[in-house]
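Please look over the sequence and the model below. A short report follows, from overall layout to pockets and charged pairs.

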Amino acid sequence: MKRTLSGAPAGKGAVYEWAGNKEVGKGRMEIADTTPPSKVQIKLDFIEPFEAHNTAEFDLQGKGDGTDVTWALYGPSTFVTKLLSLFIDMDKMIGHDFEIGLANLKALAEG
């Protein structure tokens with residue numbers, strides 16, 4: 001998989017792009033906005049194998065000695081998206097990836 005970093009070195013305007021095989025596809029993420037220390041909003045564009053334009057948002061809320069992290073993904077629901085949702089459970093399809101991502105974030109934060 002080819003990965004490219006561009007734009008700002010960190011924070012708003014930082015860009016991560018990837019291109020790989022049909023399992024990984026091709027896409028782009030850009031940090032669109034941040035509200036330190038509690039929120040990061042990312043513009044997420046999938047290009048291949050299907051095109052989709054979404055927003056990912058991380059909301060962090062301090063809780064005792066820890067932090068609760070909410071990771072949301074939202075975007076337009078096109079006709080094709082609605083049709084696919086009849087046959088594919090999107091939560092089941094990407095839920096595992098969210099769990100892995102949050103576990104990785106926890107490991108880094110506690111590391």
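What share of the 111 residues of the protein chain count as buried? The share is 14%. The model is a predicted one.

**Layout**

The protein chain holds two helices and six strands. Read from the N terminus, the elements follow the pattern β-β-β-β-β-β-α-α. The C-alpha atoms fit a box of roughly 45 × 30 × 25 Å along the principal axes.

The six strands form an open sheet in the order 1-2-3-4-5-6. Pairing in this sheet is antiparallel. Strand 1, residues 2–7, and strand 6 are the edges. Each has a single partner strand, so one side of each has no neighbour in the sheet. From one strand to the next, the twist averages 20 degrees.

One pairing can be followed in detail. Strand 2 and strand 3 (residues 26–35) run antiparallel and are joined by five bridges. Ala19 stands opposite Lys26 in strand 3.

**Cis peptide bonds**

Which residues does a cis peptide bond with omega of about 0 degrees join? They are Pro36 and Pro37. Pro37 sits in the loop between strand 3 and strand 4. A cis peptide bond also joins Glu48 and Pro49, with omega at about 5 degrees. Pro49 belongs to the loop between strand 4 and strand 5.

**Pockets**

The largest pocket encloses about 1800 Å³ of space. Its lining counts 44 residues, and those closest to the centre are Leu44, Phe46, Leu73, Ile94 and Phe98. Which element gives the most to this lining? Helix 2 does, with eleven residues. The elements that supply at least two residues each are strand 2 (14–19), strand 4 (39–48), strand 5 (52–63), strand 6 (66–74), helix 1 (79–85) and helix 2 (90–110). By type, the lining of the largest pocket has 28 nonpolar, nine polar and seven charged residues.

The second largest pocket has a volume of about 310 Å³. Its lining is made up of Phe58, Leu60, Gly66, Thr67, Val69, Leu102, Leu105, Lys106, Ala109 and Glu110. Strand 5, strand 6 and helix 2 each give two or more of these residues. Helix 2 has the largest share here, five residues. The lining of the second largest pocket splits into six nonpolar, two polar and two charged residues.

**Salt bridges**

Side chains of opposite charge can pair when their charged atoms come close. How many salt bridges does a search of the whole structure find? It finds four. Among them are the pairs in this table.

| Pair | Closest N to O distance |
|---|---|
| Glu57 and Lys39 | 3.7 Å |
| Lys43 and Asp45 | 3.8 Å |
| Asp68 and Lys63 | 3.7 Å |

What does the salt bridge between Glu57 and Lys39 join? It brings together the side chains of these two residues, at 3.7 Å from N to O. Glu57 lies in strand 5 and Lys39 in strand 4, so the pair ties together parts 18 residues apart in sequence. Glu57 is buried, because its relative accessible area of 18% falls under the 20% cut-off. Lys39 is partly exposed, with 31%.

Is Asp45, in its salt bridge with Lys43, buried or exposed? Asp45 is buried, at 8% relative accessibility. Lys43 is partly exposed, at 42%.

The salt bridge of Asp68 and Lys63 brings in other accessibility classes. Asp68 is partly exposed, at 40% relative accessibility. Lys63 counts as exposed, because its 55% is over the 50% cut-off.

Note on methods
Residues are numbered from 1 along each chain as its sequence is written. This is a predicted model: local features need pLDDT of at least 70, side-chain atom pairs count only at pLDDT 80 or more; totals for chains, interfaces and linings use all residues. Side-chain values use heavy atoms; hydrogens and water are left out. On a 1 Å grid over the protein atoms alone, a cavity is a set of points where a 1.4 Å probe fits but cannot get out, and a pocket is an open set with protein on both sides within 12 Å along at least five of seven lines; lining residues have an atom within 4 Å of a point. Grid points are joined across faces, edges and corners, and a volume is the space filled by probe spheres set on the points. Helices (H or I, at least four residues) and strands (E, at least two) are DSSP runs, numbered from the N terminus. Ala, Val, Leu, Ile, Met, Phe, Trp, Tyr, Cys and Pro count as nonpolar, Asp, Glu, Lys and Arg as charged, and the others, Gly among them, as polar. Buried means under 20% relative accessible area, exposed over 50%, partly exposed in between (1.4 Å probe, protein chains only). Two strands pair if DSSP finds at least two bridges between them. Axes are lines fitted to C-alpha atoms, for helices over the stretch in contact, and angles run from 0 to 180 degrees between N-to-C directions.
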